[in-house]
Amino acid sequence: MTSNCRRPEHTAPPDVFYNEVEAKKYSQNSRMIEIQTQMSERAVELLNLPEGQPCFLLDVGCGSGLSGDFLSEEGHYWVGVDISTAMLDVALDREVEGDLLVGDMGHGMPFRPGTFDGCISISALQWLCNADKRSHSPPKRLYTFFSTLYSSLSRGSRAIFQLYPENSEQLELITTQAMRAGFGGGMVVDYPNSSKAKKFFLCLFAGVTGSLPKGLGTETSDRAVSNQVQYSGQRCRFKGMKGKSAKKGRDWILEKKERRRRQGREVRADTKYTARQRKPHF
């Protein structure tokens, strides 16, 4: 079985794949909850919202409301849209604070112009690249989604999409339709040199175009890493290469401590011993 066959979007349409059994995992699996929360935290950070000011946000592909929980903890108000009624039922059972709406991204966002101060989406955008029905055209569905989203966002706001691009053609398809709809921006890659920690975020600007945020972990690279990523259709594995994991280096630990300070958490002061490599004990 190839790796492509294991991708959820190749298994079944989203409203079929995310059934009652799959939906329960998002309320019971601690690992899923942790990953979803971390990606939501990073997406909100990339939104660059005003400090101490509650905002009205859109969560596309909100699922069971895990990303919405983080938005509520940060003091924001939100509306979640998802195609899976099973996932939304879990969100209702969990009594999330946001408003929930059943909807297909490919049909567009049914909101008034300028409604939201920003948008986040975790692991949902790549589903629009599949044609699950004969009537589905991925370019048209992407353009419909992006154009209606652009209209529903206030000028100067951002939309952040965490996604798992399959190849360079898929990424080009997504970005082309986003630019056609009026967005500016590009791809931000966290920990580009780590196979496990690497995460892709499509950062789009509605109206006023700003500079792309810097991806986490790029300071440890020997050369500058571009925010615009070139994908290869073939995954390469380099055997015999040795090096630190991106999640064990000093830069990663310092970044994590700084993020926790911004959240108001108690963090130990940085010293020359922070993240030092200890000698093995025999």
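1. In this predicted model, strand E1 (residues 56-60) and strand E2 (residues 77-82) pair in the parallel sense, and 5 bridges join them. Within that pairing, Leu58 stands opposite Val79 of E2. The two strands also belong to a right-handed β-α-β unit, whose helical part is H4 (residues 66-73).

2. E1 has a further parallel partner in strand E4 (residues 116-122), with which it shares 3 bridges. Here Leu58 stands opposite Cys119 of E4, so that Leu58 can be used as a reference point when reading across from E2, where Val79 faces it, to E4, where Cys119 does. As to burial, 4 of the 5 residues of E1 are buried, and the strand is therefore largely enclosed by the rest of the structure.

3. On the other pairing of E2, strand E3 (residues 99-102) runs parallel to E2 and is joined to it over 4 bridges, with Leu100 of E3 as the bridge partner of Gly80. The connection from E2 to E3 passes through helix H5 (residues 85-93), and this β-α-β crossover is right-handed.

4. The strands should then be placed in the whole sheet, which is open, contains 7 strands in the order E3-E2-E1-E4-E5-E7-E6, and has mixed pairing. E3 and strand E6 (184-190) stand at the edges and have a single partner strand each, which means that one side of each lacks a neighbour in the sheet. Averaged over the sheet and with direction ignored, neighbouring strands are turned by 20 degrees against each other. As general background, strands of a sheet pair through backbone hydrogen bonds, in either the parallel or the antiparallel sense.

5. The antiparallel sense is represented by strand E5 (residues 153-163) and strand E7 (residues 199-205), which pair over 6 bridges; in this pairing, Ile160 has Cys203 of E7 as its bridge partner. Helix H3 packs on the sheet, where it touches E1, E4, E5, E6 and E7, and its direction makes about 145 degrees with that of E4. Helix H7 (residues 168-180) also packs on the sheet, touching E5, E6 and E7, and its direction makes about 15 degrees with that of E7.

6. Besides its packing on the sheet, helix H3 (residues 30-47) packs against H4 at an angle of about 50 degrees, the axes being 8 Å apart. The two helices are therefore oblique to each other, and their crossing is right-handed. From H3, the contact is made by Ile33, Gln36, Thr37, Ser40, Glu41 and Val44, and from H4 by Leu66, Ser67, Phe70 and Leu71. When the spacing of such a list is examined, one may recall that an α-helix has 3.6 residues a turn, so residues three or four places apart point the same way.

7. Which residues of H5 are buried? They are Ala86, Met87, Leu88, Val90 and Ala91, and these buried residues pack against helix H2 (20-28), E2 and E3. After H5 comes Glu95, which has a positive phi, near 55 degrees.

8. The packing of H2 against H5 can be described further: the angle is about 35 degrees and the axes are 8 Å apart, while the crossing is right-handed. The contributing residues are Glu20, Ala23, Tyr26 and Ser27 of H2, together with Ala86, Met87 and Val90 of H5. Ala86, Met87 and Val90 are also listed among the buried residues of H5.

9. Is Arg268, in the segment after helix H8 (250-262), buried or exposed? Its relative accessibility is 74%, and because exposure is counted from over 50%, Arg268 is classed as exposed. Leaving aside neighbours within four places in sequence, Arg268 is in contact with Lys257 and Arg261. Arg268 and Lys257 are 11 residues apart in sequence, and their C-alpha atoms lie 8.2 Å apart in space.

10. For the chain as a whole, the model has 8 helices and 7 strands, and 45% of its 282 residues count as buried. Among contacts between residues at least 6 apart in sequence, 66% join residues at least 24 apart. The parallel pairing of E1 with E2 and the antiparallel pairing of E5 with E7 both belong to the mixed sheet of 7 strands.

Key
Residues are numbered from 1 along each chain as its sequence is written. This is a predicted model: local features need pLDDT of at least 70, side-chain atom pairs count only at pLDDT 80 or more; totals for chains, interfaces and linings use all residues. Side-chain values use heavy atoms; hydrogens and water are left out. Buried means under 20% relative accessible area, exposed over 50%, partly exposed in between (1.4 Å probe, protein chains only). Two strands pair if DSSP finds at least two bridges between them. A crossover is right-handed if, with the strands pointing away from the viewer, the path from the first strand over the helix to the second runs clockwise. Axes are lines fitted to C-alpha atoms, for helices over the stretch in contact, and angles run from 0 to 180 degrees between N-to-C directions. Angles under 35 degrees count as roughly parallel, over 145 as roughly antiparallel, 65 to 115 as roughly perpendicular and the rest as oblique. A crossing is left-handed if the near helix is turned anticlockwise from the far one by less than a right angle, and right-handed if clockwise. Contact means heavy atoms within 4.5 Å.
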